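Welcome! Here is a short briefing to help you find your way around, starting with charged pairs and moving on from there.

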Amino acid sequence: MPPEEKLYLPESAADKKMADRRRFLAGLSATLGGLAVVLAGFPLLGFLFSPLIKKTPRIWRRVGPVEKFEVGKTVAVSFTDATPLPWAGVTSETAAWLRRESETEFTAFAVNCTHLGCPVRWLQSAELFLCPCHGGVYYANGDVAAGPPPLPLPRYPARIRKGQVEILTSPVPITPFTF
Amino acid sequence: MKSLLKNLIDAFEDRTGLIGQMKQAALHKVPPGAKWLYVFGSATLFAFFLQVFTGIILATTYVPSSGQAYDSLNFITNEAAFGHVVRGLHYFGASAMIILIGLHTIRVFLTGSYKYPREVNWLTGALLMPLVLGMAFTGQLLRWDQNGVWGVMVAAEQAGRTPFIGKYVAHFILAGDTVGGATLTRFYALHVFIIPGLIFLLIGLHLYLVLRNGISEPPRSGHPVNPLTYRAEYHEMLEREGRPFWPDAAWRDVVFGFAMIVVVFALAWFVGPPALGNPPNPSLLHAVPRPDWYFLWYFALFALMPPSLESLAILSIPVVLGILFLCLPFINNKGERSPLRRPWAVAFVLATLIMIGTLWHLGVKSPWSPDFSAKPLPAEVVRVTSGPAYEGAILFHQKGCEYCHNIDGYGGHRGPNLSYVADFMTEREMKLRIMNGRGNMPAFAAILKPQELADLLAFLETRHRNAGLMAKPVVTQQDPR
């Protein structure tokens, strides 16, 4: 051991006191440093995770008068998200595939393929939804017809109010772990 | 005058010691055999510098706002002086960086340079690799056209398959319930601050370790690494035959780096950056989302793997590969370095390259995707002008058959080619298959009226190999993609 390190070895009572003092000062520094990180970090993490903490309200958006839609047909409709940010521009739009089942009944399908979220396209003449990414296919009622999708097309709540079709703004459907 | 300058330099050196340090680093001895195989690491670094500078220049004009990023990129590409070239440099620089970090990794792996005492060199590099891929992914998103928006969606869906917390991770990535105003800026912060900061840090550490442990000497078969004696042998070899890094070895780095910059510049100037797609409006549904070339093979993997394994694979493939990649030198840090004595290492690299190459090739063609651009079959393919077979040919397009099935060069490749279907299926078999579906064939029982089914079958019945005797089938037309 080099001689200069030997000097720091506690040998006398005074040395021991000094060593205790050093241990205390090191502990104090580590604790204060940690506290400072926690103190400053708490609001930062809160800010970063705010999309999970703050609940987005869900509201009914009109997508058109009832008579605009033909029974048995499925068409793309778009509506604005519940609380778009002022700078969101076109990204505040969301689409759905709206099917008029009968005079009084509408079904709104999410456009996101349950495989990996790509936008499915409706082919009216073939009465199928096709996904452009990995070849998923769904029937008119949203059931999987072919390809990798693990679940049927999700649906958004839809209703008729005062002659208008309305869709409830909803989170993008996320396919959970399935096995 | 000269002595004044010299005094100034001396005083600076006295106060900082930087010049001596730099001299020491530049003139440190390297093994003499380190030649052209050793240039990929420095070229990756040069490509990174190019990315930093072109990125800063782009950031002077790019508006990181979900609503305006697209317009600002349009301005950069089409109106700003040299904007087109700067974007091109940034894009091809990114491509170069990915190729070079790949080559560097393969070289280090094949020459066993990750073995003692360079395990931590490998570790820092293995951490840099996912960061570089992260830059590539977030960079494509910042293009913020339709592809960018759906790229975020695909990322969120993949993260959504995490057990228990998947939904939260997905909405954390989207920064809310849907893609919106807060989404782009998350990826902007990642791409411009967080990941580059980490890359700078790790590059510093990586280079420090290269200097500390020295550049690995080219391996010789029959000279295994023995941790007990390696360092002494290495230093003895350097003393005996080492050359100063500058300029004996560095000139190759400069020449190769220069060539890389020239190639990137030429591509940026003559080919230009990838075109912007449609605006980032999530309600525009005519989208064909595709990753940039470096992730196409991964995209293909998800089209081809058995769907039942998918949830498990989405997470476990990157996690398991990542852990193995990081742990490699701790599993195996001594013994032979020469690829001539490590056939499994060579086989592993070849297998990986073949796998990625095959998946990449398939990703480019995407035969599993419906061909949305399919047009009605032309008259020379239909061969009749009236009657049930003629009606059936129209239905073949209308009912979506042609999106997935090819006839005489027209249509998609998702399902079997039906050019000669009547040769290998009876009418009854065709009818059952169409009505009930099977595997990836949807059931059309509820979609086709009896007359439509009869017409369609009448058309398919005319699809014989020898039908060309009556009219010449056209098989030259290629899939437009």
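Across all chains of this predicted model, the salt bridges come to 17. A few of them in chain A make a good starting point, followed by a look at one buried arginine and then at chain B.

**Salt bridges in chain A**
- Asp20(A) pairs with Lys16(A), and their closest N and O atoms are 3.9 Å apart.
- Both residues sit in helix α2 (residues 13-48) of chain A, and because they are four residues apart, about one helical turn separates them.
- In general, an α-helix has 3.6 residues a turn, so residues three or four places apart point the same way.
- Lys16(A) is exposed at 53% relative accessible area, while Asp20(A) is partly exposed at 35%.
- Arg62(A) forms a salt bridge with Glu166(A), again with the closest N and O atoms 3.9 Å apart.
- Arg62(A) belongs to strand β1 (residues 60-65) and Glu166(A) to strand β11 (residues 164-168), so this pair ties together parts that are 104 residues apart in sequence.
- Arg62(A) counts as exposed, at 52% relative accessibility, whereas Glu166(A) is buried, at 8%.
- Glu101(A) forms a salt bridge with Arg99(A), with 3.6 Å between the closest N and O atoms.
- Salt bridges that share partners also link Lys16(A), Asp20(A) and Arg23(A) into one network.

**A closer look at Arg99(A)**
- Is Arg99(A) buried or exposed? With 10% relative accessibility, Arg99(A) counts as buried, while its partner Glu101(A) counts as partly exposed, at 34%.
- You can find Arg99(A) in strand β3 (residues 93-100) of chain A.
- Beyond its neighbours within four places in sequence, Arg99(A) has contacts that include Gly72(A), Lys73(A), Glu105(A), Trp122(A) and Ala140(A).
- Ala140(A) is 41 residues from Arg99(A) along the chain, yet 8.5 Å separates their C-alpha atoms.

**Chain B: helix, surface and confidence**
- Helix α1 (residues 2-16) of chain B has 15 residues and spans 21 Å from first C-alpha to last, close to the 21 Å expected.
- After α1(B) comes Gly17(B), with a positive phi near 70 degrees.
- A nonpolar surface patch with about 760 Å² of accessible area together is formed by Phe82(B), Val263(B), Phe265(B), Leu267(B), Trp269(B), Phe270(B) and Val271(B).
- Within that patch, Leu267(B) lies in helix α11 (residues 245-271) of chain B and is partly exposed, at 31% relative accessible area.
- Chain B has an average pLDDT of 93, and 97% of its residues score at least 70.
- Residues 471-481 of chain B stay under a pLDDT of 50, and the model has 19 contacts for them beyond four places in sequence.

Notes:
Residues are numbered from 1 along each chain as its sequence is written. Chains are lettered from A and ligands numbered from 1 in the order in which they are written. This is a predicted model: local features need pLDDT of at least 70, side-chain atom pairs count only at pLDDT 80 or more; totals for chains, interfaces and linings use all residues. Side-chain values use heavy atoms; hydrogens and water are left out. pLDDT is the predictor's confidence in each residue, from 0 to 100. Contact means heavy atoms within 4.5 Å. Helices (H or I, at least four residues) and strands (E, at least two) are DSSP runs, numbered from the N terminus. The expected span of a helix is 1.5 Å times one less than its number of residues. Patches are made of residues with over 30% relative accessible area and no salt bridge: like charges are joined within 9 Å, nonpolar side chains (Val, Leu, Ile, Met, Phe, Trp, Tyr) within 5 Å. Accessible areas come from the Shrake-Rupley method with a 1.4 Å probe; for residues, only the protein chains shown count as cover. A salt bridge is a side-chain nitrogen of Lys or Arg within 4 Å of a carboxyl oxygen of Asp or Glu. Buried means under 20% relative accessible area, exposed over 50%, partly exposed in between (1.4 Å probe, protein chains only).
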